[in-house]
Amino acid sequence: MKKIISSKYGWLFLALALVALNWVSGFMNFRADLTAEQRYTLSSPTRRLLTGLDAPVNVDVLLSGEMPAGFRKLAVSTEDLLKSFKEAGKGNIRFRFIKPGEGLNDTAKAILYDSLARLGLNPTNIKAQTREGEGQEERLVFPGAVISYRDRVVAVDLLQGVSASGGLESLNKAEALLEYKFANAIRQLTTDTVPLIGYLVGNGEPVSYEVYDLIENVLKKNYAFRILPIDSVAAVPPVFKALVIAKPVTAFSDEQKLKLDQYVMNGGKLLWMIDNLYAEMDSLQRTQNDFIAFDRGLDIEDLLFRYGVRINQDLVQDLNADKIPSVIGSVGGKPQIQLLPWPYAVLLQNYSGHPVAKNLDYVVSQFPNSIDTVEAKGVRKTILLASSPESRVLATPARVSWQSIQSEEDLKTFNKGPQPVAVLLEGNFSSLFTNRMTAEQKGGWQATSGMPFKTNSPENKMIVIADGDLALNAVTQNEGPLPMGMNAYTKYQYANRDFIQNAIEYLVDESGILETRSKDYTLRLLDKKKLEEGKTKWQLINILAPVVVILLFGIGFQGMRNRRYKK
């Protein structure tokens, strides 16, 4: 080999070897992921999904052209991910980056933008450099992708559920969610059967426009859906994979609780959204002053206690809260109104890192209660949502008033730490009715329901949220039902819809795709203070170090030549 390289045509052999090596490397991709958080490694559920594809999946990413640095970084991360998808999918993943509307006239462009909006892709107005020295232009960017499989199409909004005001941190969270969003979209497209989800009614649960977004854009969009009147069945049919119980207002009877209990014992999943106290904005607006929040008397404390939680008879207040119009004074006899934080509109966040709520924007609540976890053998508890550390609780009877914070002394009482509002329960639940029913009553249950009475459940899970309004949406005269979590005054949309979608998916989906939400992208930014202090030192190092290295190499190389040829 040494003789070949040193021969007259050695350079030709070396060039051919490099070309052959480059050609072979095109068929043998290899990448070592050395990041602490395994940023570039696909999860096992994603790989199983991609290797099981039986037809091509086409992905059109709408992030092309000149864009600010943050969006370019998001586009690069998306391309890296889709390359990994393509490799794992054995050619069944095809993708391209396009600039929506490029080359179209204004009419065709407007039609295209309207189509993208109907798919759920919301544009962002940005300023981008046109060409070198030609200034900037304003244009719309759709930070998302359109994915098609056979005759099915779904859109992926890369910024959905991520705070729009977090700058680099928000874009970093969007990057962390890329694998989940693309994998989940592909799973939805390639799944032929979907679970049946029930919406329970019979105890005053809302069935009006308040739950329009929940039913139309979450339940009906992603699952088979039925409304289930609890008193119309002898037992909850096991065909329902999960039940949503949203803001009941009347008491549950023992018969109704038995139906829910045995549904859980047979493996059914429950999503509870409960307001223990009667506290409504309508009451405050009617009185124009204050009112007393009182117990609704739902009579489900014993059932939830058996499963491992207790919803307290209190109201949570938080300084980190959403804004509502408040009267701050009067000028010329007319009230002066300003948007101010409303401590009962608590902005909830996740501290546990559980994939149901990780990397989400705030979830807004209204008059939430706090939750305590209690001893329940075989049941694991995880706090999904809680208030900020600057919160407090008002025990019943709680007086709700517009001026709930009147002095600096009141502000000092907001020091009770994060108050749990949403809890995940997992494990083997035991029946509330184990020692409450006689053998005759158990036989009667089996005769009417067609199912044996069970005292313990298989491995199961449920989610309890101490706020019945969390999944409800505002309704305005001009716009009708708004998306859940949207402030009717500021039009800012919090992540309520994403949280509810994730919660239901975690309860019913067995693919494990949701686990990819637990990925964590660490944003390693430079310390601006240290950077400013050591600016000159690092500039000199960057300028002089390469020169010094080259000089040392030259001196050393020349010294070696001198010693070699001197001999």
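This report describes the overall make-up, the nonpolar cores, one helix and the strand pairing of a predicted model.

Residues are numbered from 1 along each chain as its sequence is written, and side-chain values use heavy atoms, with hydrogens and water left out. Because the model is predicted, local features need pLDDT of at least 70 and side-chain atom pairs count only at pLDDT 80 or more, whereas totals for chains, interfaces and linings use all residues.

The protein chain has 16 helices and 25 strands, taken as DSSP runs numbered from the N terminus (helices H or I, at least four residues; strands E, at least two). Of its 567 residues, 45% are buried, meaning under 20% relative accessible area with a 1.4 Å probe and protein chains only. Among contacts (heavy atoms within 4.5 Å) between residues at least 6 apart in sequence, 76% join residues at least 24 apart.

The largest nonpolar core, a set of buried Ala, Val, Leu, Ile, Met, Phe, Trp, Tyr and Cys residues joined through side-chain atoms within 4.5 Å, has 119 residues, and those with the most contacts inside it include Phe 85, Phe 182 and Trp 272. Apart from this core lies another, of 15 residues, among them Met 281, Tyr 344, Leu 394 and Ala 398. Leaving aside residues up to four places away in sequence, Trp 272 touches residues including Ile 245, Leu 260, Ile 300, Met 462 and Ile 465.

Helix 7 (residues 178–190) is largely enclosed by the rest of the structure, because 11 of its 13 residues are buried. Phe 182 is one of these buried residues, as are Glu 179, Lys 181 and Arg 187.

Strand 14 (residues 314–318) is mostly covered, with five of its five residues buried: Asp 314, Val 316 and Asp 318 lie on one side, and Leu 315 and Gln 317 on the other. Two strands are taken to pair if DSSP finds at least two bridges between them, and two antiparallel pairs are set out below.

| Strand pair | Bridges | Opposed residues |
|---|---|---|
| Strand 14 (residues 314–318) and strand 20 (residues 391–395) | five bridges | Asp 318 and Ser 391 |
| Strand 1 (residues 57–61) and strand 5 (residues 144–149) | five bridges | Asp 60 and Val 146 |

Strands 1 and 5 belong to an open sheet of four strands in the order 2-1-5-6, with mixed pairing. Its edge strands, strand 2 (93–97) and strand 6 (152–157), each pair on one side only. Helix 4 (residues 69–88) packs on this sheet, touching strand 1 and strand 2, and its direction makes about 160° with that of strand 2, where axes are lines fitted to C-alpha atoms, for helices over the stretch in contact, and angles run from 0 to 180 degrees between N-to-C directions.

Key
Buried means under 20% relative accessible area, exposed over 50%, partly exposed in between (1.4 Å probe, protein chains only).
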